[in-house]
Each structure stands twice: as C-alpha cells, then as structure tokens.
Amino acid sequence: MTKIAVIGAVLDNPKECQSQFNDIVSSYKKIVKGRMGIPFDTEGVSVISIIVSGSLDEINSLTGKLGNIKGVNIKTSFSKKNIEK
C-alpha cells in the first residue's frame, strides 16, 4: 500500500545540520517526489517541505532519521487515501 505525505522540516541551525539532512533525504530518493527549501538567512533557520510517495514504513523511516538530527524539527501529514500499485 502506498501513501502520499508531506514532511515539514525546520532546521534551527542549518549550517550545522544541512549536510546530514541532505544526505539522508538523498538516500530516500526513490520515494521523494519533490522538495522545496526556504532559507531564512538573517534568522539562521531553514524551512523545508518534502513530498513523498511510498509505504508507511519507508516514510516513517525517513522521518525518524531526519527527526534524530540535532536541531531538526519534523512534522508529517499523510493523505487519507491509500494508493494501490
């Protein structure tokens, strides 16, 4: 069963965690369908949204790894619709 979700991330100190964040997202490129990042340079914060389509386990694995990075705050919103493949 495939789910569609949006992962919202706020990086409180992007200079320290951006590289690790990007590496993890890149390792899940199979389920990542789109990504948008907005830097707030004067505030020292970045806000990123990632659109994903994958199994619940894959999406939860990605969000868990991202949420374990120091200075990264994650929230995920899932579509209620299940997609058959």
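Does Gly34 count as buried, partly exposed or exposed, and what is its relative accessibility? Keep that in mind; we'll come to the answer on this walk through a predicted model.

**Stop one: the sheet**

Switch to a cartoon view and pick out the strands. You'll find an open sheet of four strands, ordered β2-β3-β1-β4, with antiparallel pairing. Select β2 (32-40) and β4 (72-78): these stand at the edges, each with a single partner strand, so one side of each has no neighbour in the sheet. Now look along the strands. On average, and ignoring direction, neighbours in this sheet are turned by 15° against each other.

**Stop two: β1 beside β3**

Select residues 3-11 for β1 and residues 45-54 for β3. These two strands run antiparallel and are joined by nine bridges. To see some facing residues, show Val10, which stands opposite Val47 in β3. Then show Ala9, whose opposite residue in β3 is Ile48.

**Stop three: β2 beside β3**

Keep β3 on and add β2. This pair is also linked in the antiparallel sense, over eight bridges. Ile48 in β3 turns up again here, now with Gly37 standing opposite. Follow the chain from β2 into β3 and you trace a hairpin with four residues between the strands. Stop at Gly44 in that turn, where phi is positive, at about 70°.

Now back to the opening question. Select Gly34, which lies in strand β2. Gly34 counts as partly exposed, because its relative accessibility is 23% and the partly exposed class runs from 20% to 50%. Leaving out residues up to four places away in sequence, Gly34 touches Ser49, Ile50 and Ile51. Try a distance label too: Gly34 and Ser53 are 19 residues apart in sequence, and their C-alpha atoms are 9.8 Å apart in space.

**Stop four: Ser46**

Stay in β3 and select Ser46, which lies in that strand. Is Ser46 buried or exposed? Ser46 is buried, with a relative accessible area of 9%. Show what surrounds this serine: not counting residues up to four places away in sequence, Ser46 touches Ala9, Val10, Leu11, Pro14, Gln18, Ile38, Pro39 and Phe40.

**Stop five: the two helices**

Bring up helix α1 (residues 14-27) and helix α2 (residues 56-67). Their axes come within 10 Å and cross at roughly 170°. That angle makes α1 roughly antiparallel to α2. Which residues meet where the helices touch? On the α1 side, show Phe21, Ile24 and Val25; on the α2 side, show Leu62, Lys65 and Leu66. Colour this contact by class and you get five nonpolar residues, no polar ones and one charged.

Next, turn the sheet back on. α2 lies across β1, β3 and β4, running at about 160° to β4. For a residue on this helix, select Thr63, which has its place in α2. Thr63 is buried, with a relative accessible area of 12%. Beyond residues up to four places away in sequence, Thr63 touches Ile7, Ile74 and Thr76.

**Last stop: the nonpolar core**

Finally, show side chains and go inside. The largest nonpolar core has 19 residues. Which of them have the most contacts inside this core? Select Phe21, Ile50, Val52, Leu62 and Leu66 to see them. The elements giving two or more residues to this core are β1, α1, β3, α2 and β4.

Zoom in on Val52 to finish. Setting aside its neighbours within four places in sequence, Val52 is in contact with Lys3, Ile4, Ala5, Ile7, Ile31, Val32, Lys33, Ile59 and Leu62. Leu62 may look familiar: that residue of α2 was part of the meeting with α1.

Notes. Residues are numbered from 1 along each chain as its sequence is written. This is a predicted model: local features need pLDDT of at least 70, side-chain atom pairs count only at pLDDT 80 or more; totals for chains, interfaces and linings use all residues. Side-chain values use heavy atoms; hydrogens and water are left out. Axes are lines fitted to C-alpha atoms, for helices over the stretch in contact, and angles run from 0 to 180 degrees between N-to-C directions. Angles under 35 degrees count as roughly parallel, over 145 as roughly antiparallel, 65 to 115 as roughly perpendicular and the rest as oblique. Contact means heavy atoms within 4.5 Å. Ala, Val, Leu, Ile, Met, Phe, Trp, Tyr, Cys and Pro count as nonpolar, Asp, Glu, Lys and Arg as charged, and the others, Gly among them, as polar. Two strands pair if DSSP finds at least two bridges between them. A nonpolar core is a set of buried Ala, Val, Leu, Ile, Met, Phe, Trp, Tyr and Cys residues joined through side-chain atoms within 4.5 Å. Buried means under 20% relative accessible area, exposed over 50%, partly exposed in between (1.4 Å probe, protein chains only).
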